Each structure stands twice: as structure tokens, then as C-alpha cells.
Amino acid sequence: MISIAVIGLGNVGSHLYNAFKKVSNISVTQLNSRHLKDTSDFDIAIIAVSDDAITEVSKQVNTPLVVHTSGSAGMAELQNKSRKGVFYPLQTFTKDTIVDFDRIPICIEAENDQDLKLLEKLVAFISDRIFHISSEQRKSIHVSAVFVNNFVNHMYTMAESICKEHNVPFQILHPLIEETVNKIKTIRPIEAQTGPAKRNDIKTIQKHLDLLNQQQQEIYIKLTESIQVYGKKL
């Protein structure tokens, strides 16, 4: 039996707690990072707090192995006196939305092979997708994830706003969104690129700009220029 303390009550911590709670070989407890007591009875502590809080929280933890779940923080951010590692689930989490951990890539890192094997074992309990990723590699994955998730979702938000302004249901775009995602599973994104920027269709671009407010125009122009620059690299 492996005993785990999941430290943090946010989205990531709650989802990890729920995932491990279903595993018979694991005893898991979720702890509030602001009211930590002695953690020496646990085998592993998984710190799932904001990046700014990792260092201070880790100083209070005395489990044999301490890992954090951050995509952008290095392993050196951990300041506990025991062994260190990283357990980074590459997914966007919303507290009340169920996720399928079987399909979530989990990136792990540790100071020695023994701890790496222990983290592999932990991953195997909840996911089939294990990746050995260094702190430097994880930074590049995290910024890439911001582009494909956070920035793309902001584009959805802007599109929804444009639709609402012109009395068009945003749901009409759902099949297009799904096809775009499906397409990049089989071909490179740069090969899947279409649209007026790709075609350098100046008339259509101008018609679009005429419909948009100033903030939307600025973003549209920047993205159009970026698409055209990347197109020249093919």
C-alpha cells in the first residue's frame, strides 16, 4: 500500500485525489496547503498548488519523496529536505468536470532511478501515458499547451462574442471546431492551415476587419501576419 498526501484543494489536486481514491493499492488524503501538519506518515507528497507557492509549501513537507504538478516550475523549486520529483498531468482541469485519466499524458521527473520507477508505478495506476520529461522540456510543453488550450479558448470566447453580436448561435461553429481538431491528428497543423490569410485574400480580410472592433482587429491582423510568415517557411 502506497500512502499519498495530495496537497492543494484546487482543480489539479482535487482531480488527482479523486483518481487515486479509486485505486485499491493506494491510500490517499487531500490536505489544505494553508494548514499543513506533520506529513511524515505518508510515503509521497504531491504538491498541487500555484507555482508561486511551491517553494514555501515544500519547506513544510517531510515525506520521503515530494513532487509537484507544475508544468513551468523546475524540480529545483522544491525546497524540502527529502527527495524530489515532478508529477505533471498534461491536461486542463475544471473542478466539477469529469476527466478520463487513462488518456492524460503524465510527465515525470526524479533525482534517481528508484524514485522514477516509483513515479512510473503511480502513473500506471491511473494512466496509460507515461513520459520521462526534464524540467527544461516541460517548460516548452507548458508554453505549447498555453497556445493550444488557453489561447485557443480565448479565440473561442471572441468568436462567441462576434456570433452573439450578430444574433448567430455559437453552436453552428462546433462541427468546424471538431474537424479542425480531428485534422491535426493525422497531418501537421501547418499543412492543415486554410483561410484568407493562407490564401492572401485581401478583399476577404478587409471585409472581416470592417466587422470587428479595435481589439479584435489588432488580434486578427497579428494572427494573419503570423499565418503568412509561417506559410513562407513551408
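In the predicted model, T39 lies in the loop that links strand 2 to strand 3, and at a relative accessibility of 1% this threonine counts as buried. When residues up to four places away in sequence are set aside, T39 touches L31, V61, N62 and T63. One of these partners, T63, is itself a loop residue, placed between helix 2 (54–59) and strand 4, and T63 is likewise buried, with a relative accessible area of 0%. Beyond its neighbours within four places in sequence, T63 is in contact with T39, F42, D43, I44, A45 and S82. The side chain of T63 also has a polar atom 3.0 Å from the backbone oxygen of L65. Between T63 and N25, which are separated by 38 residues in sequence, the C-alpha to C-alpha distance is 18 Å.

The chain as a whole contains 9 helices and 7 strands, and its C-alpha atoms fill a box of roughly 65 × 40 × 30 Å along the principal axes. Of the 234 residues, 36% are buried, and the chain exposes about 14500 Å², of which carbon and sulfur atoms supply 52%. Among contacts with a separation of 6 or more, 50% are accounted for by residues 24 or more positions apart.

In soluble globular proteins, nonpolar side chains tend to be buried together. In the present model, the largest nonpolar core has 25 residues, and the members that touch the most others are I4, F20, F87, L122 and I126. At least two residues of this core come from each of strand 1, helix 1, strand 2, strand 3, strand 4 (65–68), strand 6 (106–110) and helix 3, with helix 3 providing the largest share, 5 residues. A second, separate core of 14 residues includes L36, I54, V61 and A73; V61 is also one of the residues touched by T39.

The surroundings of I126 and of helix 1 give a more detailed view of the larger assembly. Leaving aside neighbours within four places in sequence, I126 is in contact with L16, A19, F20, V23, F87, F101, D102 and I106. Three of the residues contacted by I126, namely L16, A19 and F20, belong to the buried set of helix 1 (residues 11–21), which also comprises G13, S14 and H15. The buried residues of this helix pack against strand 1 (2–7), strand 2 (26–31), strand 3 (44–47), strand 5 (83–89) and helix 3 (113–126).

Helix 4 (residues 135–165) includes F151 and also S135, and these two residues fall into separate classes of accessibility. S135 is buried, with a relative accessible area of 15%, whereas F151 is partly exposed, with a relative accessible area of 44%. Apart from its neighbours within four places in sequence, S135 is in contact with G74, M75 and E109. Polar atoms take part in two of these associations: the side chain of S135 reaches the backbone nitrogen of M75 at 3.2 Å, and a polar contact of 2.8 Å connects the S135 side chain to that of E109. S135 and S50, in turn, stand 85 residues apart in sequence and 17 Å apart in space, taken from C-alpha to C-alpha. F151, for its part, joins V143, F147 and V148 in a nonpolar patch on the surface, and the accessible area of these residues together is about 410 Å².

Two asparagines in loops stand out for their backbone geometry. Most residues other than glycine have a negative phi, and most peptide bonds are trans. N167, in the loop between helix 4 and helix 5 (174–183), has a phi near 55°, a positive value in a residue other than glycine. A phi near 55° is likewise found for N200, which is placed in the loop between helix 7 (196–199) and helix 8 (202–211). With regard to accessibility, N167 is exposed, having a relative accessible area of 73%, while N200, at 46%, counts as partly exposed.

Methods:
Residues numbered from 1 in each chain as written. Predicted model: local features only at pLDDT ≥ 70, side-chain atom pairs only at ≥ 80, totals over all residues. Heavy atoms only, no water. Patch = residues over 30% accessible without salt bridge, like charges linked within 9 Å, V, L, I, M, F, W, Y side chains within 5 Å. Areas by Shrake-Rupley, 256 points an atom, 1.4 Å probe, with all protein chains shown as cover. Salt bridge = Lys/Arg side-chain N within 4 Å of Asp/Glu carboxyl O. Helix = DSSP H or I, 4+ residues; strand = E, 2+ residues; numbered from the N terminus. Buried < 20%, exposed > 50% of the residue type's maximum accessible area, 1.4 Å probe, protein only. Contact = heavy atoms within 4.5 Å. Polar contact = N/O pair within 3.5 Å; in protein donor to acceptor, adjacent residues only side chain to side chain. Core = buried A, V, L, I, M, F, W, Y, C linked by side-chain atoms within 4.5 Å.
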